[in-house]
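Let's take a friendly walk through this structure together. Have the sequence and the 3D view ready.

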Amino acid sequence: MTTKRPAVLFVCVKNGGKSQMAAALMRHHAGDAVEVHSAGTRPGSSINAQSVEAIAEVGADMSSAVPKPVTPELLRGVDQVIVIGGEAVIEPVEGMTAPVTTWHTDEPSKRGIEGMERMRLVRDDIDTRVRALLTDLTQASN
């Protein structure tokens with residue numbers, strides 16, 4: 001019997017920063033144990049350079065990532081949808097079984113923290129959440 005590996009979709013509006021960071025961190029920690037996707041509700045044209053740099057600092061890689069749109073096929077094909085931040089909205093589609101969870105992540109800019117310092121704090125908050133999710137996903141499939 002082969003166990004299907006859990007599939008997770010990380011979503012934000014532009015798919016250029018936080019959702020890509022979460023996907024890169026999940027791939028980094030989970031290896032092949034989890035199928036990882038990221039997408040945006042209104043994808044931007046490029047990846048946030050500071051996000052790439054902050055992720056590289058912890059040994060993960062999102063340098064080749066490209067913003068992609070959320071599609072009904074993607075929503076139907078995953079076990080969990082994680083929306084990062086309060087701006088992106090996922091409307092359930094027919095045939096979709098995945099629960100949608102919203103992560104209201106730390107936003108250091110509200111405290112006057114900008115630049116790489118801000119990005120590292122965002123990364124670390126997302127990393128903590130990704131590690132907890134990975135534990136949940138891998139325990140559920142055992």
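What follows is a short tour in three stops. Please keep in mind that this is a predicted model.

Our starting point is Val8, which sits in strand 1. Its relative accessibility is 0%, so Val8 counts as buried. Setting aside neighbours within four places in sequence, Val8 touches Met26, Val34, Glu35, Val36, His37, Val78, Gln80, Ile82, Leu133 and Leu137. For a sense of distance, try drawing a line from Val8 to Asp125: these two are 117 residues apart along the chain, and their C-alpha atoms are separated by 18 Å.

Staying in strand 1, we come to Phe10 and its aromatic partner. The structure holds one aromatic pair. The ring centres of Phe10 and Trp103 lie 5.9 Å apart with the planes at 55°, so this pair is tilted; edge-to-face would call for an angle over 60 degrees. The pair links distant parts of the chain, since Trp103 belongs to strand 4 (residues 100-103), 93 residues away from Phe10. Phe10 is buried, with a relative accessible area of 0%, and Trp103 also counts as buried, at 8% relative accessibility.

Our last stop is Gly16, in the loop that lies between strand 1 (7-12) and helix 1 (18-30). Is this loop residue buried or exposed? Gly16 counts as buried, because its relative accessibility is 6% and the cut-off is under 20%. Beyond its neighbours within four places in sequence, Gly16 is in contact with Ser46, Ile47, Asn48, Ser51 and Met62. The C-alpha atoms of Gly16 and Met62 are 10.0 Å apart, with 46 residues of separation along the chain.

Key: Residues are numbered from 1 along each chain as its sequence is written. This is a predicted model: local features need pLDDT of at least 70, side-chain atom pairs count only at pLDDT 80 or more; totals for chains, interfaces and linings use all residues. Side-chain values use heavy atoms; hydrogens and water are left out. Helices (H or I, at least four residues) and strands (E, at least two) are DSSP runs, numbered from the N terminus. Buried means under 20% relative accessible area, exposed over 50%, partly exposed in between (1.4 Å probe, protein chains only). Contact means heavy atoms within 4.5 Å. Rings of Phe, Tyr and Trp (its six-membered ring) pair if their centres lie within 6.5 Å; planes under 30 degrees apart count as stacked, over 60 as edge-to-face and the rest as tilted.
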